[in-house]
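Reader: Hello! Could you take me on a close look at the buried interior of this chain, and then show me how the rest is arranged around that part?

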Amino acid sequence: MKIAVVGTGYVGLVTGTCLTEIGHNVTCIDIDQNKVNKMREGISPIYEPGLDELMKKNIQEKRLFFTTDHNEGFEGADVIYIAVGTPEKKDGSANLSFVEQVAKDIATHVKKDVIVVTKSTVPVGTNDWIKGVIQKNLVNNVKVDIVSNPEFLREGAAIYDSFNGDRIVVGTDNEAAANIIEEINKPFGIPVFKTDIRSAEMIKYAANAFLATKISFINEISNICEKVGANVEEVANGMGQDNRIGSQFLNAGIGYGGSCFPKDTKALIQIAGNVNYEFELLKGVVRVNQKQQEMLLNKLEERFDSLEGKKIAILGLAFKPNTDDMREAASIVITKHLIEKGANVVAFDPVAMENAKKILDSKINFASNTIEAIKDSDAVLILTEWNEFKDLNICTFEEYMKQPVIFDGRNCFDLVEVKKHRVEYHSIGRPPLI
Ligand code: NAD
């Protein structure tokens with residue numbers, strides 16, 4: 001199969017590369033020339049464990065190609081994947097302008113029958129609209145079928161997930177097209193769930209909204225735990241052992257971030273609103289998440305009379321570990337607030353520093369390692385649960401900080417272990433150790 005993938009972000013580049021790994025011939029198209037130049041040399045523009053190696057191997061074996069030229073990229077393609085961004089608009093709805101541009105590019109350039117597969121997360125009804133845009137603008141007399149194939153990979157584990165996903169959702173009104181997409185994916189050995197287009201589109205939003213709900217739920221439980229003297233980790237553990245509930249997504253913290261949950265929850269609220277349905281539960285989930293980011297700040301401000309001139313160390317900037325993605329990271333809101341309060345903020349993240357420097361306040365100082373960040377600090381805030389931080393010996397805080405006051409937004413440390421040290425430790429949903 002000759003495949004084109006449009007958009008080489010976290011989804012497009014991983015999808016394209018993994019499709020070559022199972023034997024397909026893939027050309028990835030992106031409008032960003034710098035990215036394309038890098039990728040041609042086997043260098044991934046994003047941090048994703050294992051991606052560079054797979055890219056290099058498949059470039060060498062002449063299965064993986066990159067271009068900015070849609071004409072070249074679509075040449076001879078049997079299947080075109082759309083994997084461009086669908087960011088949030090001001091009103092919370094999904095911005096489909098990138099998808100629309102790709103649909104027009106497809107219409108202009110395809111010269112043979114083709115299946116268009118939408119990987120981007122798009123509101124219900126969008127695939128029908130994409131088909132309409134393509135048909136309206138078609139230059140050549142060719143047949144275009146459309147398939148909704150939402151993506152479920154997790155940044156930081158994207159390669160693993162591509163080969164070990166729980167299911168591949170294929171939504172289409174054309175059985176032959178569904179069978180071809182199933183055949184393409186067969187070597188992954190992952191069950192294929194075939195359904196209609198609109199249900200496939202809804203599955204993606206419903207799945208993300210459900211996971212976000214689990215996170216906000218356990219965060220609310222954690223806030224109550226703090227007031228009634230319970231320990232949320234014990235509670236989550238006891239709850240998660242019930243198979244009907246499951247143990248995943250029950251880690252209390254400072255809320256979800258990233259490029260998917262925040263925008264997809266708001267988009268689903270909009271999708272419901274468009275048909276005059278008020279999604280009350282999901283609105284609550286979003287509100288709880290916004291509030292949760294402030295919880296750690298409230299604790300910090302209760303502890304210090306003023307933050308003016310205090311050295312506050314931030315460990316972790318990315319929205320979660322094993323990624324350099326800063327989109328909607330809690331660190332954005334938290335560091336902005338600290339700067340407003342006059343704190344001297346020194347931050348460190350193992351891989352997200354370059355992206356962070358582009359978007360965070362210019363007053364923030366960036367350290368080159370953990371020790372440099374925490375040295376002589378008045379308090380440390382842990383915002384991302386990188387292993388590098390979880391593996392820290394608590395003695396390090398005692399040794400290097402001006403006073404060892406830790407606000408752990410990700411519950412990185414075991415309370416029993418922390419108790420052995422002379423540190424002040426505030427975490428989420430667990431009793432403080434003072
Ligand atoms: P991204 O922003 O990282 O990448 C999008 C890429 O598309 C960019 O490289 C951009 O230059 C390129 N692009 C934009 N317009 C283009 C055009 N006309 N032609 C060619 N390239 C173009 O996005 P992402 O995080 O990979 O997400 C892509 C989609 O997948 C979104 O809809 C997202 O919601 C969904 N998704 C993302 C994830 C995730 O973890 N990031 C997971 C599942 C689904």
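Author: Happily; here is a walk through the interior, followed by the ligand shell and some outer positions. This is a predicted model, in which local features need pLDDT of at least 70 and side-chain atom pairs count only at pLDDT 80 or more, while totals for chains, interfaces and linings use all residues. Residues are numbered from 1 along each chain as its sequence is written.

Let us begin with the whole chain. The chain has 18 helices and 14 strands; these are DSSP runs, helices being H or I of at least four residues and strands E of at least two, numbered from the N terminus. Of its 434 residues, 48% count as buried. Buried means that 20 or more other C-beta atoms lie within 10 Å of a residue's own, exposed means 12 or fewer, and partly exposed is in between, with C-beta atoms placed from the backbone.

Now to the interior itself. The largest nonpolar core has 76 residues, and those with the most contacts inside it are Val-6, Ile-80 and Val-116. Helix α9 (residues 197-228) gives the largest share of this core, nine residues. A second, separate core of 44 residues includes Leu-315, Ala-318, Ala-347 and Val-423. Such a core is a set of buried Ala, Val, Leu, Ile, Met, Phe, Trp, Tyr and Cys residues joined through C-beta atoms within 7 Å.

Ile-80 is a good place to zoom in. Not counting residues up to four places away in sequence, Ile-80 touches Ala-4, Val-6, Phe-74, Ile-106, Val-114, Val-116 and Val-117. Here a contact means that two C-beta atoms, placed from the backbone, lie within 7 Å.

Another position to visit is Ile-181, in helix α8 (residues 175-185). Why does Ile-181 count as buried? Because Ile-181 has 24 C-beta neighbours inside 10 Å. Beyond residues up to four places away in sequence, Ile-181 touches Ile-115, Val-117, Val-147, Asn-149 and Val-170. Val-170 lies eleven residues away along the chain, and the two C-alpha atoms are separated by 7.5 Å.

Asn-289 belongs to helix α12 (residues 280-303). Asn-289 has 22 other C-beta atoms within 10 Å and is therefore buried. Its contacts, leaving aside neighbours within four places in sequence, are Ser-216, Gly-255 and Tyr-256. Asn-219 is 70 residues from Asn-289 in sequence, yet 8.1 Å away in space, C-alpha to C-alpha.

Next comes the ligand. It is surrounded by 27 residues, the closest being Gly-7, Gly-9, Gly-85, Ser-120 and Thr-121; a residue is near a molecule if its C-beta atom, placed from the backbone, lies within 6 Å of it. Helices α1 (10-21) and α5 (97-109) are the elements that give two or more residues to this shell. By class, the shell has eleven nonpolar, ten polar and six charged residues. Ala, Val, Leu, Ile, Met, Phe, Trp, Tyr, Cys and Pro count as nonpolar, Asp, Glu, Lys and Arg as charged, and the others, Gly among them, as polar.

For contrast, turn to two loop positions. Lys-62 sits between α3 (51-60) and β3 (64-67), and its phi is near 60 degrees, a positive value in a residue other than glycine. Lys-62 is exposed, because 9 other C-beta atoms lie within 10 Å. Asp-376, in the loop between α15 (370-374) and β12 (379-382), also has a positive phi, of about 60 degrees, although it is not a glycine. With 11 C-beta neighbours inside 10 Å, Asp-376 counts as exposed.
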